[in-house]
Amino acid sequence: MTATVTEYVCQDCGTLLRHSNPNTLESMRDVHNQLCVVKRQKTMAQQVAVPKPATPAAAAPAPAATASPPPAIPATPSTPAAGGPTTISLSGTGTSYDKVDGPIDPKFKEKRQPVGTYQGIKVWGPYDAPGQLGIWGENVCVDFDICVADGACIEACPVNVYEWLQTPGHPASEKKAFMIREKDCIFCMACENVCPPQAIKIFKKG
Ligand code: SF4
């Protein structure tokens, strides 16, 4: 007596499975379906193709029959600052200043007044852009009138606190080491130690 041979053909890759025992064939089919590369690729392609749920902004338009005006959209700043508000301008008429020699005055906070912020970073006067830019920062402080854009601080910082800020018209250098990620400072003092004109003063948080 000849055993009955049962078959299963994978609809994805075309593989033919045959066995006389239906239970065994079913197990073979399950194993194949778990391992079938073509089936897996098709599943992944379908998942990628599934459209994301519409966001409120992309939702269907309101019915045309509505007579009421659309709700007002709250005003937002045209170019939101990366780190916070900006209240000072880097442009101006203050060009009649000479380069200032270092080091930065470690007691400047007792002698100077904050004049504003730039992307959330405090700026201490006197300030008369673009020739006189004062001292920037609360904990990571750079005297922009001393900074000569050497860049050693940017390279030394292990947590990427600084980035360049263009300051055209300044007598010492036309870009400065801007402590935009001041909050990330780990107070390693590397930048303060490598700055050639000693324009940097680090104040550890109390
Ligand atoms: S003290 Fe260290 S972590 Fe802080 S800004 Fe200077 S180099 Fe970066």
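The exercises below work through a predicted model of one protein, each with a solution in steps.

Residues are numbered from 1 along each chain as its sequence is written. As the model is predicted, local features need pLDDT of at least 70 and side-chain atom pairs count only at pLDDT 80 or more, while totals for chains, interfaces and linings use all residues.

**Exercise 1. The elements**

Task: State how many helices and strands the protein has, and give their order.

Solution. Step one is to fix the terms: helices (H or I, at least four residues) and strands (E, at least two) are DSSP runs, numbered from the N terminus. By this rule the protein has five helices and nine strands. Step two is to read them from the N terminus on, which gives β-β-α-α-α-β-β-β-β-α-β-β-α-β.

**Exercise 2. The first hairpin**

Task: Describe how S1 and S2 are joined and paired.

Solution. Strand S1 covers 6-9 and strand S2 covers 16-19. Two strands pair if DSSP finds at least two bridges between them; S1 and S2 have four, in the antiparallel sense. One of the facing pairs is Tyr8 with Leu17 in S2. The two strands form a hairpin with six residues between them, and Gly14 in the turn has a positive phi of about 85 degrees.

Cys13 also lies in the loop between S1 and S2. A residue is buried if 20 or more other C-beta atoms lie within 10 Å of its own, exposed if 12 or fewer, and partly exposed in between, with C-beta atoms placed from the backbone. Cys13 has 13 such neighbours, so it is partly exposed. Two residues are in contact if their C-beta atoms, placed from the backbone, lie within 7 Å. Leaving out residues up to four places away in sequence, Cys13 touches Cys36, Val38 and Lys39. The C-alpha atoms of Cys13 and Val37 are 8.1 Å apart, although 24 residues separate the two along the chain.

**Exercise 3. Helix H1**

Task: Compare the expected span of H1 with the distance between its ends, and state how many of its residues are buried.

Solution. The expected span is 1.5 Å times one less than the number of residues. H1 (residues 22-35) has 14 residues and should span 20 Å; its end C-alpha atoms are 20 Å apart, which agrees. The number of buried residues in H1 is zero, so the helix lies largely in the open.

**Exercise 4. The five-stranded sheet**

Task: Give the strand order of the open sheet and name its edge strands.

Solution. The order is S3-S4-S5-S6-S9, with antiparallel pairing. S3 (114-118) and S9 (200-202) stand at the edges; each has a single partner strand, so one side of each is left without a neighbour in the sheet. S3 and S4 pair over four bridges, and Gly116 stands opposite Val123 in S4.

Next, look at the loop between S4 and S5, which holds Pro126 and Pro130. The peptide bond from Gly125 to Pro126 is cis, with omega near 5 degrees. The bond from Ala129 to Pro130 is also cis, with omega near 5 degrees.

**Exercise 5. The core**

Task: Find the size of the largest nonpolar core and the strands that supply it.

Solution. A nonpolar core is a set of buried Ala, Val, Leu, Ile, Met, Phe, Trp, Tyr and Cys residues joined through C-beta atoms within 7 Å. The largest has 31 residues, and those with the most contacts inside it are Trp136, Val142, Met179 and Ile200. S4 (121-124), S5 (135-136), S6 (140-143) and S8 (175-178) each supply at least two residues of this core. Beyond its neighbours within four places in sequence, Trp136 is in contact with Ile121, Val123, Cys141, Val142, Phe144 and Met179. Of the 206 residues of the protein, 20% count as buried.

**Exercise 6. The ligand and the loop before H5**

Task: Describe the residues around the ligand, then the unusual phi angles between S8 and H5.

Solution. A residue is near the ligand if its C-beta atom, placed from the backbone, lies within 6 Å of it. 14 residues surround the ligand, and the closest are Cys157, Val161, Cys185, Cys188 and Cys191. Ala, Val, Leu, Ile, Met, Phe, Trp, Tyr, Cys and Pro count as nonpolar, Asp, Glu, Lys and Arg as charged, and the others, Gly among them, as polar. The shell has 14 nonpolar, no polar and no charged residues.

Phe187 lies in the loop between S8 and H5 (190-194). Its phi is positive, about 60 degrees, although Phe187 is not a glycine. With 12 other C-beta atoms within 10 Å, Phe187 is exposed. Met189 is in the loop between S8 and H5 and has a positive phi near 75 degrees. Met189 has 13 C-beta neighbours inside 10 Å and counts as partly exposed.
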